[in-house]
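Visitor: I should be grateful for a close look at one helix of this protein and at the contacts and charged pairs around it. Please take me through it step by step.

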Amino acid sequence: MGFRQGCEKIQRRLRTFEKPITVFIGAACLSSLLLNFDFSFLEAGLYDFRVVHGFQKKPDPEIVLITLDDKTAKDLGGFVPLSLDYHSHLLQAMSDLDPKAVGYLVDMNHVHQINPEFFTNGTGKLFVSAANHLMEKGIIFLMGTPFDVIGEALPPPPLNTLPHAIAVVHQDGNVFSEDRVTRRALLSIYDTETFHMAMARGLEKASDPIYPPGTFELPEVNGKYFFFRYHGSPVLRHDGSGGNSYTRYSFNDILEKRIPLGALKNKIVLVGTLASDDSADFSLTPYSKTPFTNPKIVLHANILDSVLHKDGVIRVHPWLNAMTTVFVTCAVFWWIMTLTPLYGVFATISLVLVFMIASQLIFQIQGIWLRESQPLVGIFVSYYLAVPYRLIREYKKRWDYQRKNELLTQLEELKTNFLSLITHDLKTPVARIQGLTEMLIRRTSTFLGEVDQTTLRHIFNATDELNHFISSVLELNRIESDRIQLHFESKDLNQLIERAADSFQTQAAARKIQLKLELEPLFPLRMDASLISKVINNLIDNALKYSNPGSEIQIRSYEEDELVIVSVKDQGIGMSPDELAGLFTRFYRAKNQMTASISGTGLGLYLTRYFIEAHQGRVEVESESGRGSIFKILLPLKPRIQAAQFNFPYIKAAQEPSKENLYVSSARS
Ligand code: ADP
């Protein structure tokens, strides 16, 4: 193989894969562009949608909340967060209630601001000793401290001697999204575990922190985070209802022992403030982005619940995200390039739905967070890029077709004019040659030798064939220039068949072929007798031409299912399935040795089909190579269209091959 051939082969191969390659390159380029943007705002919205709409995780019934709200403070004659003596009393009361752990999330620096002297006058000591008493009883005690720019805001002395850890509710600001919504929690900072981790480790009695799945490091802040799961909606309505289904008691309920017996036994108790006008006690969550609706104490409970039950959300690796984006954009590009516009839209919408449902399910069931923003943006951008591209291609194709069509029409016109010119000019001289030859044969029969007579007969036969050809071409020309008119009359079809068979008797006898007629009596049929005669003549002529001497041709007529059927069956050369495929098209002749030696125009069956279709009928053929053929014409007894309407518009409509009117049964070769 030469270099050029090799190049051509590669080019051909490439052309076959042109569309998939273009689609893949387009999708890969678009995806790599999209992957440079993190669409955090969109992703945050989609993340929240997944959190809120799905099967909710059940809150751990072991976690109980004690809230210090406005009403409690008012009842006790103070302000949230109340002075230290109340807190000391609470711890003392707690000792009899036997909880498993107490997480004290009240900001003690805030308490200190109310009555600083309580921290030095012995109340502080009371608080410390109450806490120590709890710990001596085996109850875990841990204070949650705030975190500011300087670091952990330690509880004021003497409370700083008690176990404490940073307890912050992270609000997304700069790293994930800018909307200050709480989705993730800080687990450790500068290698020091935060409140929830320390509490969980204490409860699990583990020596080392066991981080929940999905924990990731943020080197910028030297901290470990994880996206925690919400256990139902944390939204607290103004009437006090809601706020998740963690059991909640008020601070006062404990002090005044208004809680059911054993309500806190073996529970993990979180104590926190919930002042309705203090923004520090609330955060924004995926459930509600309205201020003062999501209490932080409930978020702490959710974080602790997630840490305890290892319920972290696992973010998929960026390469999987990239692959998903490439895959969905590929699919959209491909569909828009190959499907019809309606199916394209349908497939794209289905892809969006399937993708969202699938990612929702894996989020809910496995806690896996597949990023949706880039694939979804990819789907929309690729759709809006692919549609114009497809349109441009379609327009180009249509333009090419139009041009080709115009050229073809011109060519067709030229050909028609040329054919009509030639055939008209040929018809007269050929008819004269034929007439003169016939006269010569008759006049010279007595004195010319056998050889000369045969020559004259050859001349006669040749001109006859030529005449036949010219007539067929003229007929074709008439059809194609819409000049055909049908003349309907009621006629006995059998009569036409008998007449046609008679005219072929001599020819058949010369080749020792037997023409067998089996004609059932038929009602007169409305038809153009001259066209139907041409059809029958052509079928018998073909059967004779393509039959071997000594064989039999059977011509039948019968009625079946509102149809009149004429069949011509021969035992001739037949046709293979390949040869049958081109039948009934203009100038078609089967390519085999036999047909090559038999003269013919390749127009007979083409005209047959037109004439029969003009009668709202159809032509059927069954053939087997070497065994023979059977051609059937099927004419309706009651045509749908009235005879008067049967002129050129119908024929014009029939000019394009109408496959439903044509039945070519496959043949065994
Ligand atoms: P032609 O003038 O060549 O016979 P037709 O349109 O009548 O033109 O037929 C088209 C082709 O169909 C023929 O050339 C021949 O190959 C094939 N054909 C038609 N009738 C028969 C038949 N009875 N047996 C086998 N082949 C046939």
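Guide: Please note at the outset that this is a predicted model. Before turning to the helix, let us take a charged pair elsewhere in the chain as an example. Glu 256 has a relative accessibility of 42% and therefore counts as partly exposed. Its salt-bridge partner is Arg 258, and the closest N and O atoms of the two are 2.5 Å apart. Arg 258, at 47% relative accessibility, likewise counts as partly exposed.

Salt bridges with shared partners also form a network, in which Asp 48, Asp 179, Arg 183 and Lys 289 are joined. This network leads to the helix of interest, since Asp 48 lies in helix α3. Asp 48 forms a salt bridge with Arg 183, with 2.8 Å between the closest N and O atoms. Arg 183 belongs to the loop between β6 (164-166) and β7 (184-189), so the pair ties together parts that are 135 residues apart in sequence. Where do these two residues stand with respect to the surface? Buried means under 20% relative accessible area. Arg 183 has 0% relative accessibility and so counts as buried. Asp 48, at 3%, counts as buried by the same rule.

A further salt bridge joins Glu 62 and Lys 100, whose closest N and O atoms are 3.0 Å apart. Glu 62 is in the loop between α3 and β1 (63-69), whereas Lys 100 is in the loop between α5 (84-97) and β2 (101-104). The pair thus links distant parts of the chain, 38 residues apart. Glu 62 counts as partly exposed because its relative accessibility is 29%. Lys 100 is partly exposed, also with a relative accessible area of 29%. In total, the model contains 23 salt bridges.

Let us now consider how α3 packs against another helix. The axes of α3 (residues 40-52) and α12 (residues 341-366) come within 10 Å and cross at roughly 60°. That angle makes α3 oblique to α12. The crossing of the two helices is right-handed. Which residues meet there? From α3 come Leu 46, Tyr 47, Arg 50 and Val 51. Across from them, α12 contributes Met 356, Ser 359, Gln 360, Phe 363 and Gln 364. Sorted by class, this contact has 5 nonpolar, 3 polar and 1 charged residues.

Helix α3 therefore appears here in two settings: Asp 48 in α3 is paired with Arg 183 in a loop, and residues including Leu 46 and Tyr 47 meet α12.

Terms used: Residues numbered from 1 in each chain as written. Predicted model: local features only at pLDDT ≥ 70, side-chain atom pairs only at ≥ 80, totals over all residues. Heavy atoms only, no water. Axes fitted to C-alpha atoms, helices over the stretch in contact; angles between N-to-C directions. Helix = DSSP H or I, 4+ residues; strand = E, 2+ residues; numbered from the N terminus. Parallel < 35°, antiparallel > 145°, perpendicular 65-115°, else oblique. Left-handed = near helix turned anticlockwise from the far one by under 90°. Contact = heavy atoms within 4.5 Å. Nonpolar A, V, L, I, M, F, W, Y, C, P; charged D, E, K, R; others polar. Salt bridge = Lys/Arg side-chain N within 4 Å of Asp/Glu carboxyl O. Buried < 20%, exposed > 50% of the residue type's maximum accessible area, 1.4 Å probe, protein only.
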